[in-house]
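Please open the model in your viewer and keep the selection tool at hand. The tour below moves from one selection to the next and says what can be found at each stop.

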Amino acid sequence: MSSSYRETALSESPFHGILNTNYIPTDAGIAQIHGHLALHETELARVEAFIEKLTLKRNRMKTYIDAHRALTSYPRRLPPEILQQIFVWCLPRNHNAVMDVAEAPLLLGRICSRWRSVAFSTPELWDSLHISVVFTLFNEAKIAHAAINDWLTRAAPRPLSLSIACSDLYTFSSEYERVLDCLSPFSSRWRSVEFGDIPITLFSQLGEKLNTPLLADVHLKCLFGLPIPGVRDRILSSNLFNRAKVHITSLDPAVFIVSRLQNSEYHSKWDHLTHLTFSLLPPTSDPDVRSKSLSFGTVYLLLQRCTQLQSLTVPIEASADRFTEDLVHPALESLTLFNRSLCCEALDGFVSYLELPQLTKFHLINLDVSDHSFVASVGALELLALNSPLISDLRLHLPDAYIVNSLHTILADFFPRLERLSLGLCTENSEPHVPGAHDIFRMLAPGVVPGLDLKELELGISCVWDVSWLEFLWKHIDAGSNLRRIHLELWREDCLNAPAPVEPALDPFLTRGLEVSVKRRVQPVVEMTPWEGVEK
């Protein structure tokens with residue numbers, strides 16, 4: 001500090017009386033202020049220069065110290081086996097690894113030579129790969145193809161999980177074929193493959209030339225256009241589907257199966273199918289592009305032709321199909337039917353003709369929670385229970401009155417083996433207190449339904465107070481029941497300016513062996529505003 005400079009407090013300033021006010025100084029006053037600050041500004045510049053000099057010295061000292069500390073750092077001394085496990089945990093969990101240098105596993109090879117050596121010698125890091133067809137073409141295809149080959153070679157001998165995406169099939173179908181040529185030499189190690197909008201003619205040829213003994217899951221997405229007549233009929237006959245779980249996402253799943261099912265010549269062509277799932281594409285803004293579900297008659301014939309089918313998930317629609325004989329399917333263990341709405345009568349007629357002695361899982365899913373028509377009658381569920389006595393996993397979507405009047409009978413008399421129950425409780429009542437929501441907790445309390453011994457429970461319920469389900473949980477804890485997992489989806493109508501509910505503590509249940517998860521869904525209320533109809 002300069003010997004002529006004395007640090008001054010604000011209270012000692014000659015201008016203290018007008019500081020932090022709206023006072024406007026005159027020209028003479030401004031000159032006085034500048035004169036007063038001259039010495040202070042000189043000292044400030046000197047101090048900042050001194051700080052900068054110290055900062056430079058500090059940085060040099062820190063660089064020297066850090067360089068030597070790095071030699072003793074713990075990560076440097078980690079055994080390769082531990083480093084490999086850490087690297088594996090860096091991989092994405094919800095999708096296959098992507099060819100991006102900013103993501104694992106490529107990122108792990110850009111840190112240092114040792115990490116690169118460990119990463120490249122760890123097959124677990126390279127046994128999954130997502131490929132964008134458009135990306136490979138616009139990033140020097142030959143280099144991209146070589147990179148794909150190197151990637152999958154590093155994964156040997158592990159089974160492979162692959163996914164392929166193409167945003168413009170018509171423009172890049174040739175490149176799609178070249179990408180498949182890169183993957184074909186590794187087909188003996190394919191474990192799971194997702195074909196995103198693959199050209200149907202190309203897919204129909206794959207099963208004839210590839211050897212895929214390990215293939216367990218195949219997902220076929222047809223996002224752009226429908227399969228070609230004459231080719232689409234051969235899709236489900238592909239050798240790729242032998243012993244694999246098959247998942248097909250399409251606008252119209254029926255085009256893959258209807259003509260083949262109606263031809264008795266192909267009665268035994270689909271005995272190789274064991275797991276089959278059909279999904280619909282999400283709604284689009286184009287009114288001419290609509291997803292189509294399968295009729296009951298088509299599902300009936302599908303089960304009739306696929307004699308080894310163990311699980312089936314299909315979108316279903318109401319139809320006037322008539323059946324002349326019961327369908328006995330000795331292998332089916334899981335059946336899931338879903339749609340946005342479906343009349344009760346059509347569903348009852350279909351279920352009453354099914355005899356599925358090995359069925360353990362039956363799910364009836366309504367995608368539109370506001371629609372109350374997609375339900376099964378008590379009579380249909382009774383027939384289902386008689387013809388499928390091993391059901392232990394049941395999912396239903398039921399209106400309130402149905403719950404109150406029939407649920408006790410359904411659980412006590414029809415499905416004595418139930419271990420997992422999922423109920424969607426819709427409501428026709430807009431009042432904040434719906435009787436059905438509270439009745440179901442009372443009915444599922446331990447000891448109320450004779451013989452009921454659930455291990456897992458999922459409930460979707462509208463308008464219920466937290467105290468109701470908390471009391472329900474404590475009853476199971478106190479009774480020492482076998483319930484080990486419960487998931488609640490609580491629907492409520494949003495109230496303007498209403499505070500978010502305070503989440504109750506769930507740890508006390510977890511420590512007692514009961515896993516609890518709660519998901520709240522809010523139905524928004526239209527806000528009244530004077531700006532309605534005005535474009536901002």
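Two strands are said to pair if DSSP finds at least two bridges between them. Keep that in mind while selecting strand β6 (residues 275-280) together with β7 in this predicted model, since the two pair in the parallel sense over three bridges.

Stay with β7, residues 311-315, and turn on its side chains: the strand is mostly covered, with five of its five residues buried. In a regular strand the side chains alternate between the two faces of the sheet. Here Ser311, Thr313 and Pro315 point one way from β7, while Leu312 and Val314 point the other way, and all are buried.

Next, use leucine 312 as a stepping stone across the strands. On one side, the bridge partner of leucine 276 in β7 is leucine 312, and leucine 312 in turn has leucine 335 as its bridge partner in β9. Selecting strand β9, residues 334-339, shows the second pairing of this stop, in which β7 and β9 run in the parallel sense over five bridges.

Now move to the aromatic rings, of which a search of the whole structure finds 10 pairs. Select phenylalanine 203 and phenylalanine 241, whose ring centres are 5.7 Å apart and whose planes meet at 40°, so the pair is tilted. Because phenylalanine 203 lies in helix α7 (residues 200-209) and phenylalanine 241 in the loop between β4 (217-222) and β5 (245-250), the pair ties together parts that are 38 residues apart in sequence. Both phenylalanine 203 and phenylalanine 241 are buried. Adding Trp190 and Phe195 to the selection shows a cluster, in which ring pairs link these two residues with Phe203 and Phe241.

For another pair, select phenylalanine 296 and phenylalanine 350, where the ring centres lie 4.8 Å apart and the planes are at 35°, so this pair is tilted. Phenylalanine 296 belongs to helix α9 (residues 296-305) and phenylalanine 350 to helix α10 (residues 344-351), and the pair thus links distant parts of the chain, 54 residues apart. Phenylalanine 296 is buried, with a relative accessible area of 2%, and phenylalanine 350 is buried as well, with a relative accessible area of 1%.

As a last stop, select arginine 154 and display the rings around it. Over which faces does arginine 154 lie? Arginine 154 lies over the face of phenylalanine 120, at 4.1 Å from the ring centre, and over the face of tryptophan 126, at 4.6 Å from the ring centre.

Definitions and conventions
Residues are numbered from 1 along each chain as its sequence is written. This is a predicted model: local features need pLDDT of at least 70, side-chain atom pairs count only at pLDDT 80 or more; totals for chains, interfaces and linings use all residues. Side-chain values use heavy atoms; hydrogens and water are left out. Rings of Phe, Tyr and Trp (its six-membered ring) pair if their centres lie within 6.5 Å; planes under 30 degrees apart count as stacked, over 60 as edge-to-face and the rest as tilted. Helices (H or I, at least four residues) and strands (E, at least two) are DSSP runs, numbered from the N terminus. Buried means under 20% relative accessible area, exposed over 50%, partly exposed in between (1.4 Å probe, protein chains only). A charge sits over a ring if NZ of Lys or CZ of Arg is within 6 Å of the ring centre and within 35 degrees of the ring normal.
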